[in-house]
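Take a look at the protein shown here. We will begin with one residue and work outward to the whole fold.

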Amino acid sequence: LRAQRRNIAVGATQASVGERLFAEAWRGGLRAAGRAVAATDTTLDHQCWSGLIVLDDQHPLLAARGAEHLLDTWLFSGNVPLVRDVMVAGNWLVRDGKHRERERIAADYRRAMHKLAAKM
């Protein structure tokens, strides 16, 4: 509001808000993992990927928007489940949209919510 313009998360060289936010999150994750990242680096270092995210290419949102808007569509799709599979360090954590530990995670969440509710 102070700048009196929209989409201030984009720059002259990067018109996609999704790409900018993803790149910043990627660099932050690399720094948190102790990897050196140049502050001026605007590219994603594909050499250090240890995971894989598979989007549902049959989903109407992705098909309608096209590849040039992929990150924006994915990141700003709200609660629409566009991620189909996720692999981390060679292990599939999510297959067909379901986390392999979903039951344990749900049970942990329920326990935490019961604890919070008991303190109110």
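**From one leucine to the whole chain**

Leu75 is partly exposed, because its relative accessible area is 34%, and partly exposed means a value between 20% and 50%. Keep in mind that this model is predicted.

Where does Leu75 sit in the chain? Find helix α3, which covers residues 70-75. Leu75 belongs to that helix.

Now look at the surface around this residue. Leu75 joins Leu21 and Phe76 in a nonpolar patch. Together the three have about 270 Å² of accessible area. Leu75 can count towards such a patch because the cut-off is over 30% relative accessible area, and Leu75 has 34%.

Next, turn to the inside. Which residues make up the largest nonpolar core? There are 7 of them: Phe22, Trp26, Leu30, Leu55, Leu62, Trp74 and Leu82. Helix α1, residues 17-32, gives the most to this core, with 3 residues.

Step back to the whole fold. The protein has 4 helices and 4 strands. Follow the sequence from start to end, and the pattern reads α-β-α-α-β-β-β-α.

How much of the protein is buried? Of its 120 residues, 20% count as buried. Buried here means under 20% relative accessible area. The protein exposes about 9,400 Å². Carbon and sulfur atoms supply 56% of that area.

Last, consider how parts of the chain meet. Take the contacts with a separation of 6 or more. Residues 24 or more positions apart account for 38% of them.

Key:
Residues are numbered from 1 along each chain as its sequence is written. This is a predicted model: local features need pLDDT of at least 70, side-chain atom pairs count only at pLDDT 80 or more; totals for chains, interfaces and linings use all residues. Side-chain values use heavy atoms; hydrogens and water are left out. Patches are made of residues with over 30% relative accessible area and no salt bridge: like charges are joined within 9 Å, nonpolar side chains (Val, Leu, Ile, Met, Phe, Trp, Tyr) within 5 Å. Accessible areas come from the Shrake-Rupley method with a 1.4 Å probe; for residues, only the protein chains shown count as cover. A salt bridge is a side-chain nitrogen of Lys or Arg within 4 Å of a carboxyl oxygen of Asp or Glu. Helices (H or I, at least four residues) and strands (E, at least two) are DSSP runs, numbered from the N terminus. Buried means under 20% relative accessible area, exposed over 50%, partly exposed in between (1.4 Å probe, protein chains only). A nonpolar core is a set of buried Ala, Val, Leu, Ile, Met, Phe, Trp, Tyr and Cys residues joined through side-chain atoms within 4.5 Å. Contact means heavy atoms within 4.5 Å.
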